[in-house]
Amino acid sequence: MNFTDLGLSADVLRAVADAGYEKPTPIQEQAIPFVLMGRDVLGSAQTGTGKTAGFTLPMIEILAAGRARARMARSLILEPTRELAAQVAENFEIYGKYHKLTKALLIGGVSYGDQDKLLDRGVDVLIATPGRLLDHFERGRILLNDVKILVIDEADRMLDMGFIPDVEKIVRLLPPLRQTLFFSATMPPEIRRLADAFLSNPKEVSVAPPASPAATVTQGLVFVPDRAKREALRRLIGIEQVKNSLIFCNRKRDVDVLFRSLKRHGFNAAALHGDMDQGTRTQTLESFKRGEIQLLVCSDVAARGLDIDDMSHVFNFDVPMHAEDYIHRIGRTGRAGKSGRAFTLATSDDAKYVAAIEALIGKPIPRVVVEGIDMTADAAEDGRGHAAGGRKPRARGHRTREPRPASHRTEQPRAEHPRAEQPRAEQPRAEQPRPSAHQAREPAPVVAPQRRVSPQRESHAASGGPFGHDDPVPAFLLRGRRVAG
Ligand code: AMP
């Protein structure tokens, strides 16, 4: 099927061609004709499937006829994170370049003044995070009773982040006679219930989430003691000739700790996570996209769905606790047919998460060794007081991953993963940058003898490695080789 078969106008088709798209993606093929017909749509699709254009393109067509009135919005798109909202706004710029639609992006962390000015004129498209939209509504700056099209995007993330009560509140403010498009990567019962409540006779469209990473991504798994993770990462970055990379941590506090550590070691790094103020987040992302920042240490939520071209590497400083996140994370590299490389650092505590990922992708991740890492680092640092990331040393043999001790911190650790995150409204008071609670000391660098064969290889090879697999290969051997896909 071609874009010309979907019922889109010449101007939208021109913008799509300018974007370089040759064919519609499956979700676009399935959704666009029904949106154009005015039907409600319930879409099972996640980022990366082209779903944004799946709702943006037909919305541009529908909104092209008609005009916005002062302080009224004609359509509303709800997104769980500021970055996703900003990305949808960019999509409207790209696909709507031959139209004169007005839009406003209402996200936390940005001053109200500029947003108010836009709203006063009336907007065709309002793209918002739920908390900030409610703030504007409660301040009387926006009227929602002219909204004809509502998009609820990433509904399962909204649920994870505790935004559903806000979403329900917003939907109650909208006219019942409207078109609703509802997208979610997964459809747990709570999401189904919402879909039933919000949608009327929807057309259900679904695209299977990718269960395997792109063949263009070379993967490696590095088994390393907890205390040596940062050194292993630094060595990997050196070995790998990284052009630009996202480095994922599971927790926000670890994003900061790792970022500071990399800076101290002279790396060109920045951090991106949900507790940073919006101005800094936007600036950081722009600098990273322009290539001024080489390494962006980030959390899942902040980096969710980020569309950055031509990324050479992804590092998982922590093994993701949800297997699908592994695919999301490493899918940030190897895009558009380019090759990419993804390395995951794992400790023995991570075995069950690694097993879940391998079950999902249907194959083992090739084991890699980083030469010169002291594989007994856990033991070596046990007597030294606080070590990596300021954590207290764990009792040897203690195998539980969660919760990690944090008794010396003023701030309770919060898992950045939204499923584990505390509900948090996207409201101004929650947007203030938090006082840094990171007094963590940098651990003494792990000094390991340079050895041709790593201790890991010696101690684990006979038993098939720590996770029961084949011999790991040295990291440098992976360079230029495609080992997965
Ligand atoms: P999304 O799932 O909406 O976040 O889109 C993921 C990426 O796919 C974005 O970089 C889009 O620009 C790109 N994209 C969307 N539709 C198409 C298409 N039909 N052909 C090629 N790329 C596309």
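Hi everyone. Let me start with one residue, Asp 146, which is buried, with a relative accessible area of 10%. Before I go on, please keep in mind that what we are looking at is a predicted model.

So where does Asp 146 sit? Its place is in the loop between α6, residues 130-138, and β5. Setting aside neighbours up to four places away in sequence, Asp 146 is in contact with Arg 69, Met 72, Ala 73 and Arg 74. The C-alpha atom of Asp 146 is 9.0 Å from that of Ala 68, and the two residues are 78 apart along the chain. Back on its own side of the sequence, the Asp 146 side chain has a polar contact of 2.8 Å with the side chain of Lys 148.

Let me step back to the whole chain for a moment. There are 19 helices and 15 strands. Of the 485 residues, 56% are buried. And if you take the contacts with a separation of 6 or more, 77% of them join residues 24 or more positions apart.

Now for the interior. The largest nonpolar core has 33 residues, and Leu 57 and Ile 77 have the most contacts inside it. Which elements supply at least two residues each? They are the helices α1 (10-18), α2 (26-36), α3 (51-64) and α4 (82-95), together with the strands β4 (123-128), β5 (149-152) and β6 (179-184). Among these, α3 gives the most, with six residues.

If you click on Ile 77, you can follow its contacts outwards. Leaving out neighbours within four places in sequence, Ile 77 is in contact with Phe 55 and Met 59, with Val 88 and Phe 92, with Val 125, Leu 126, Ile 127 and Ala 128, and with Val 151. There is also a second, separate core, this one of 32 residues, and its members include Leu 133, Ile 142, Phe 182 and Phe 198.

Next, two neighbours in sequence that I'd like you to view together, Glu 154 and Ala 155. Glu 154 is found in the loop between β5 and α7, and its phi is positive, about 55°, although it is not a glycine. Is Glu 154 buried or exposed? At 2% relative accessibility, Glu 154 counts as buried. Ala 155 is in helix α7, residues 155-160, and it is buried too, at 1% relative accessibility. Apart from residues up to four places away, Ala 155 touches Ile 164, Phe 182, Phe 183, Ser 184 and Ile 191. Ser 184 is 29 residues from Ala 155 in sequence, yet their C-alpha atoms are 4.9 Å apart.

Another residue to put beside Glu 154 is Arg 71. Arg 71 also has a positive phi, about 60°, without being a glycine. As a reminder, most residues other than glycine have a negative phi. Arg 71 lies in the loop between α3 and β2 (73-78), and it is partly exposed, with a relative accessible area of 36%.

For an exposed example, have a look at Ala 197, in helix α9, residues 189-198. Its relative accessible area is 54%. Ala 197 is 26 residues from Val 171 in sequence, with 9.9 Å between their C-alpha atoms.

Let's move on to a helix pair. Helix α14, residues 323-330, packs against helix α15, residues 351-361, at an angle of about 70°, and their axes are 8 Å apart. The two are therefore roughly perpendicular to each other. Who makes the contact? From α14 it is Ala 323, Glu 324, Tyr 326 and Ile 327, and from α15 it is Ala 356, Ile 357, Leu 360 and Ile 361. By type, that contact has seven nonpolar residues, no polar ones and one charged. Helix α14 itself is mostly covered, as seven of its eight residues are buried. Those buried residues include Asp 325, His 328 and Arg 329.

My last stop is His 313, in strand β12, residues 313-316. At 2% relative accessibility, His 313 counts as buried. Which side chain does the His 313 side chain meet in a polar contact? That partner is Glu 240, at 2.7 Å. Beyond residues up to four places away in sequence, His 313 touches a wider group, including Gln 241, Asn 244, Thr 333, Arg 341 and Phe 343.

That's my tour. Thanks for listening!

Methods:
Residues are numbered from 1 along each chain as its sequence is written. This is a predicted model: local features need pLDDT of at least 70, side-chain atom pairs count only at pLDDT 80 or more; totals for chains, interfaces and linings use all residues. Side-chain values use heavy atoms; hydrogens and water are left out. A nonpolar core is a set of buried Ala, Val, Leu, Ile, Met, Phe, Trp, Tyr and Cys residues joined through side-chain atoms within 4.5 Å. Buried means under 20% relative accessible area, exposed over 50%, partly exposed in between (1.4 Å probe, protein chains only). Helices (H or I, at least four residues) and strands (E, at least two) are DSSP runs, numbered from the N terminus. Contact means heavy atoms within 4.5 Å. Axes are lines fitted to C-alpha atoms, for helices over the stretch in contact, and angles run from 0 to 180 degrees between N-to-C directions. Angles under 35 degrees count as roughly parallel, over 145 as roughly antiparallel, 65 to 115 as roughly perpendicular and the rest as oblique. Ala, Val, Leu, Ile, Met, Phe, Trp, Tyr, Cys and Pro count as nonpolar, Asp, Glu, Lys and Arg as charged, and the others, Gly among them, as polar. A polar contact is a pair of N or O atoms within 3.5 Å; within protein, one must be able to donate a hydrogen and the other to accept it, and residues adjacent in sequence count only if both atoms are side-chain atoms.
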